[in-house]
Structures are given as structure tokens and as C-alpha cells.
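Student: I am new to this structure. Please show me how to read it, feature by feature.

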Amino acid sequence: MAELDIGKHCGVEECKQLDFLPFVCDGCSGVFCIQHRSRPAHGCSEANLKNKNMKLDYHKSFLCTYKGCDGRELVPVSCVYCEKQFCLRHRHQSDHECEKLEIPQARMAVTQQLIKDIVDSKKEATAIKKCRGAKNPETAAKVALMKLKMHACGEKSVPQTERIYFQVFLPKGSKDKSMPMFFCSKWSIGKVIDSAACLASLKNDNNKTTAKKLRLCHTASGEALPLDHTVASWINCKDSPLYNGGNVILEYLDNEVEFLADADSYV
């Protein structure tokens with residue numbers, strides 16, 4: 001009778017104890033027994049990647065200061081603007097109603113002008129190639145939205161009246177080129193990215209300081225949308241490149257990079 005392969009051996013060389021209910025470290029993904037499940041106990045390599053200025057206390061949790069929230073985190077998650085402590089759910093400025101949240105209208109206006117110039121130049125370049133019977137842009141947008149609504153995936157708890165639909169082009173190298181998705185118009189761009197990464201099963205290290213960040217970018221200009229802006233602030237903005245039923249790009253960018261250089265190659 002063949003032996004059953006049940007349980008796992010602890011990853012600590014000096015231990016190797018067979019544990020029938022082993023623990024998987026959320027930092028290094030190693031498998032450990034109950035005695036070595038904590039990061040300090042098995043000398044977790046992921047812990048060494050933390051910011052050297054951030055002192056971790058594994059015997060203490062950090063309470064979210066957002067009103068009505070009792071969430072806690074094992075590591076401090078503070079807003080760089082108001083410097084208050086929050087949980088991962090409320091880490092973005094718009095999610096905790098940050099007292100120092102500012103909507104950079106000037107930057108948005110510059111972006112809108114840039115988009116307009118790009119669109120106008122493309123219209124001029126393709127004017128002589130127009131075909132007879134071409135669809136009206138507004139009609140085409142409505143048709144695209146109808147198709148998206150038939151196949152889009154998203155959180156079922158989002159009310160129908162608050163849903164915004166996008167064809168999301170995924171990072172290069174992904175199994176699928178794009179996916180139809182819907183999000184809540186009241187969400188911040190940061191929360192939209194978290195939801196899209198979950199729906200597409202993408203690695204999301206946006207809460208880690210040293211990793212590349214997932215960003216949501218325009219398909220025309222390639223500019224990465226500010227994480228703390230809401231979806232509605234761009235959808236309802238005049239001359240905005242985003243609209244319900246339109247396209248967006250999800251891609252990994254290095255820290256401080258605000259533009260996707262080859263946005264045209266995605267669509």
C-alpha cells in the first residue's frame with residue numbers, strides 16, 4: 001500500500017519537522033512549522049528588503065486612524081501627505097479623505113491639451129483615408145460599451161448605476177492581451193488598479209517601496225493616472241481621454257516614472 005504524501009517539512013534546515021498543517025510565509029513563500037512560522041523565527045529574506053528606516057515590531061500592530069475603521073496592519077502604512085497611520089484599505093488619499101488632498105487642476109488641463117493635440121494630429125494624418133459609411137464616433141462608443149457590458153467582469157457588489165466599463169489592456173507578457181472589466185465610479189485610481197490586478201491574476205506589489213508599480217495609463221498619451229484621483233473625476237471632466245466603454249492600459253512602471261513610452265503598441 002502506497003504511503004500518503006501528507007503534510008510538509010519545515011523549511012528551517014535545523015528543524016525539518018513534518019507538520020500536517022504547515023504555515024506559508026507571506027513574505028518569502030516558504031513552508032514552516034508552527035514554531036518557525038513568524039518571519040524572525042525563520043530569518044525571512046523578505047524582511048531584509050524593507051526600508052532600512054522602517055523599524056518593524058512583530059509584537060505590535062498598527063491601528064488605522066480612519067473614522068469608524070478598526071483595521072490593523074503588522075507594518076506601518078502611513079500617508080506621506082498627512083503622515084497619519086492607515087490600513088491597506090484606506091492607504092490612498094481619497095480613501096481616507098486626506099485633509100491635504102489636492103486635485104492638480106493645472107496638470108489636468110495640460111494633460112487634456114496634450115491629448116487634444118495628439119488626437120487632432122492623428123485626425124489630420126488619417127483624414128484622406130476615411131472610408132465611406134464609417135461609423136459615427138459616438139455610435140461606435142455606444143456599441144463598444146454595450147459589448148463590454150455583456151462580457152465585463154468585476155465586483156458584483158458595485159451598484160449598476162455606479163459601474164464604469166473599460167477594456168483593460170494588460171502588461172506585456174501577460175497571457176491575455178486585454179480584458180473587459182467594470183469598476184465603481186467612486187473608487188480611486190489606486191483601488192481600480194488593485195481590483196484589476198486581482199481580476200487578471202497579476203502580481204501587485206504597489207504596497208512595497210522597492211518594487212515596480214502597477215499603473216493605469218491613457219492609451220493616447222501614455223500618462224499614468226494619479227493614484228489618488230477618483231474615476232469619476234476623469235470620466236466627468238470635459239475633454240477627458242477617458243470615457244465609459246473606452247480603453248485603458250495597465251502596466252508596470254518604475255518608481256517616479258509617470259509616462260508609458262510605447263502606449264500606441266498596446267491597442
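Student: Which residues make the nonpolar surface patch?

Tutor: First, the general idea. A patch gathers residues with over 30% relative accessible area and no salt bridge; like charges are joined within 9 Å, and nonpolar side chains (Val, Leu, Ile, Met, Phe, Trp, Tyr) within 5 Å. A salt bridge is a side-chain nitrogen of Lys or Arg within 4 Å of a carboxyl oxygen of Asp or Glu. Areas come from the Shrake-Rupley method with a 1.4 Å probe, and for residues only the protein chains shown count as cover. In this predicted model, I6, L18, F20 and L21 make a nonpolar patch of about 430 Å².

Student: Where is L18 found?

Tutor: L18 sits in strand β2, residues 18–19. Strands (E, at least two residues) and helices (H or I, at least four) are DSSP runs, numbered from the N terminus. L18 has a relative accessible area of 36%, so it is partly exposed. The scale is this: buried is under 20%, exposed is over 50%, and partly exposed lies in between (1.4 Å probe, protein chains only).

Student: What ground rules apply to the numbers?

Tutor: Residues are numbered from 1 along each chain as its sequence is written, and side-chain values use heavy atoms, without hydrogens or water. The model is predicted: local features need pLDDT of at least 70, side-chain atom pairs count only at pLDDT 80 or more, and totals for chains, interfaces and linings use all residues.

Student: Where is confidence lowest, and where is it highest?

Tutor: Read pLDDT as the predictor's confidence in each residue, from 0 to 100. The protein's mean is 81, and 81% of its residues reach 70 or more. Helix α2 (residues 105–126) has the lowest confidence, at a mean of 66. Strand β8 has the highest, at 94.

Student: How many helices and strands are there?

Tutor: The protein has 5 helices and 10 strands. It has 267 residues, and 38% of them count as buried. About 17,100 Å² is exposed, with carbon and sulfur atoms supplying 53%.

Student: How do I read a strand, say β7?

Tutor: Look at cover, then at side-chain direction, then at partners. β7 spans residues 163–169, and 7 of its 7 residues are buried. R163, Y165, Q167 and F169 point one way; I164, F166 and V168 point the other way.

Student: Which strands pair with β7?

Tutor: Two strands pair if DSSP finds at least two bridges between them. β7 runs antiparallel to β8 (residues 178–184), joined by 7 bridges. There, F166 has M181 as its bridge partner. β7 also pairs with β10 (residues 246–253), in the parallel sense, over 4 bridges. V168 is matched with V248 in β10.

Student: What about β9?

Tutor: β9 pairs with β10 too, antiparallel, over 5 bridges. C217 stands opposite I249. In β9, 5 of its 5 residues are buried. K213, R215 and C217 point one way, while L214 and L216 point the other.

Student: How do I read a helix?

Tutor: An α-helix has 3.6 residues a turn, so residues three or four places apart point the same way. Now take α4. Its buried residues include I189, V192, I193 and A196. Their cover includes β8, β9, α5 (231–235) and β10. Just after α4, S201 takes a positive phi of about 55°.

Student: Is D194 in α4 buried, exposed or in between?

Tutor: D194 has a relative accessible area of 22%, so it is partly exposed. Contact means heavy atoms within 4.5 Å. Leaving out residues up to four places away in sequence, D194 touches R91, H92 and N204.

Student: Where are S185 and K203 found?

Tutor: Both lie in loops. S185 is in the loop between β8 and α4. S185 counts as buried because its relative accessibility is 16%. Beyond four places in sequence, S185 touches E162, I164, T230, V231 and A232. K203 is in the loop between α4 (189–199) and β9 (213–217). K203 is exposed because its relative accessible area is 58%.

Student: What does K203 contact?

Tutor: Leaving aside neighbours within four places in sequence, K203 is in contact with L214 and Y252. K203 and L214 are 11 residues apart in sequence, and their C-alpha atoms are 8.7 Å apart.
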